[in-house]
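Colleague: Hi! Could you pull up the model so we can chat through it together?
Modeller: Sure, here it comes.

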Amino acid sequence: MIIIATVLCPELISNKHLISRVKVAPIKDEILDSISKADIGTIFYYDFKDVQAINSSGVDEVISKVIRYLCDCENDKFLYFINLNNEVHEHTYNIETTLADTKLAIVEKLSDGKANFIGDISGTHQKILEKVYLLKKTTAREVAELLNKQPNLMSTHLNSLYKQRLIRRVEEPLIEGGRQYIYQSIF
């Protein structure tokens with residue numbers, strides 16, 4: 001499975017200080033415009049390698065509002081992070097703290113290709129996400145078997161994670177008739 005991701009407005013997000021709502025709101029507007037013009041199925045990422053500071057105002061404008069827009073207004077478009085700097089700038093802490101208050105979450109792609117889940121994620125959702133990102137492509141039945149849970153319950157949780165834009169979902173017809181959703185990591 002090949003997943004092609006598009007860096008989202010690198011010239012905007014590379015702003016070294018995402019801390020003033022007045023300065024960050026126009027960046028958010030350009031980001032939302034780019035997302036609205038993109039094809040269905042587009043996967044975006046923010047590269048934080050040049051960002052030195054982000055506070056709750058920056059998180060709210062370029063992360064929370066963008067995630068809400070993706071969830072409420074766009075079908076099958078996704079966003080994740082790369083290169084969060086936690087040694088010097090504590091990006092994850094600032095993002096996690098702000099997202100926890102907004103009931104939103106996002107995925108970070110770590111340098112080793114693994115996923116880190118940031119924001120408001122329950123323990124159950126954390127376990128499910130870990131399985132989906134480990135397997136890359138799975139079904140509710142497979143995840144249910146791995147976690148020793150009921151498939152219907154897993155379908156409900158996986159659908160919720162899809163609606164939060166933390167995983168992708170593809171409908172596949174079954175040979176015997178009907179359909180089945182295949183859930184996939186976004187990277």
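Colleague: Let's start with E61. Is E61 buried or exposed?
Modeller: E61 counts as buried, because its relative accessibility is 2% and the cut-off for buried is under 20%. Bear in mind that this is a predicted model.

Colleague: Which side chain does E61 meet in a salt bridge?
Modeller: That would be K28, at 3.3 Å from N to O. The pair links distant parts of the chain, 33 residues apart: K28 sits in helix α2 (residues 21-37) and E61 in helix α3 (residues 56-73).

Colleague: And K28, buried or exposed?
Modeller: K28 is buried, since its relative accessible area is 12%.

Colleague: Which residues are linked with these two in a network of salt bridges?
Modeller: The network links R21, K28, D29, D60, E61 and K65.

Colleague: Nice. How many salt bridges does the count come to?
Modeller: The count comes to 10. One of the others joins E74 and K77, at 2.8 Å from N to O.

Colleague: Where do E74 and K77 stand, buried or exposed?
Modeller: E74 is buried, because its relative accessibility is 11%. K77 is buried too, with a relative accessible area of 1%.

Colleague: What about K49, which side chain does it meet in a salt bridge?
Modeller: K49 meets D47, at 3.7 Å from N to O. Here K49 is exposed, with a relative accessible area of 56%, whereas D47 counts as buried at 15%.

Colleague: Changing topic to pockets. How much space lies in the largest pocket?
Modeller: About 190 Å³. The elements that give two or more residues to its lining are α6, α7 (151-163) and β10 (179-184).

Colleague: Which residues line the largest pocket?
Modeller: The lining is made up of T139, A140, R141, P151, N152, S155, Q180, Y181 and Y183.

Colleague: How do those residues divide by class?
Modeller: The lining of the largest pocket has four nonpolar residues, four polar ones and one charged.

Colleague: And what volume does the second largest pocket have?
Modeller: The second largest pocket has about 150 Å³. Two elements give two or more residues to its lining, β7 (115-119) and α5 (123-135).

Colleague: Which element gives the most to that lining?
Modeller: α5 does, with three residues. The full lining of the second largest pocket is G113, K114, A115, F117, E130, Y133, L134 and K136.

Colleague: How many charged residues are there in that lining?
Modeller: Three are charged, alongside four nonpolar and one polar.

Colleague: L134 caught my eye there. Which residues form a nonpolar patch on the surface with L134?
Modeller: L135 and L146 join L134 in that patch. Together the three have about 300 Å² of accessible area.

Colleague: Where is the place of L146?
Modeller: L146 is in helix α6, residues 140-147. That helix also turned up among the elements giving two or more residues to the lining of the largest pocket.

Colleague: Why does L146 count as partly exposed?
Modeller: Because its relative accessible area is 49%, while exposed means over 50% and buried means under 20%.

Colleague: Great, thanks for the tour!
Modeller: Any time!

Conventions:
Residues are numbered from 1 along each chain as its sequence is written. This is a predicted model: local features need pLDDT of at least 70, side-chain atom pairs count only at pLDDT 80 or more; totals for chains, interfaces and linings use all residues. Side-chain values use heavy atoms; hydrogens and water are left out. Patches are made of residues with over 30% relative accessible area and no salt bridge: like charges are joined within 9 Å, nonpolar side chains (Val, Leu, Ile, Met, Phe, Trp, Tyr) within 5 Å. Accessible areas come from the Shrake-Rupley method with a 1.4 Å probe; for residues, only the protein chains shown count as cover. A salt bridge is a side-chain nitrogen of Lys or Arg within 4 Å of a carboxyl oxygen of Asp or Glu. Helices (H or I, at least four residues) and strands (E, at least two) are DSSP runs, numbered from the N terminus. Buried means under 20% relative accessible area, exposed over 50%, partly exposed in between (1.4 Å probe, protein chains only). On a 1 Å grid over the protein atoms alone, a cavity is a set of points where a 1.4 Å probe fits but cannot get out, and a pocket is an open set with protein on both sides within 12 Å along at least five of seven lines; lining residues have an atom within 4 Å of a point. Grid points are joined across faces, edges and corners, and a volume is the space filled by probe spheres set on the points. Ala, Val, Leu, Ile, Met, Phe, Trp, Tyr, Cys and Pro count as nonpolar, Asp, Glu, Lys and Arg as charged, and the others, Gly among them, as polar.
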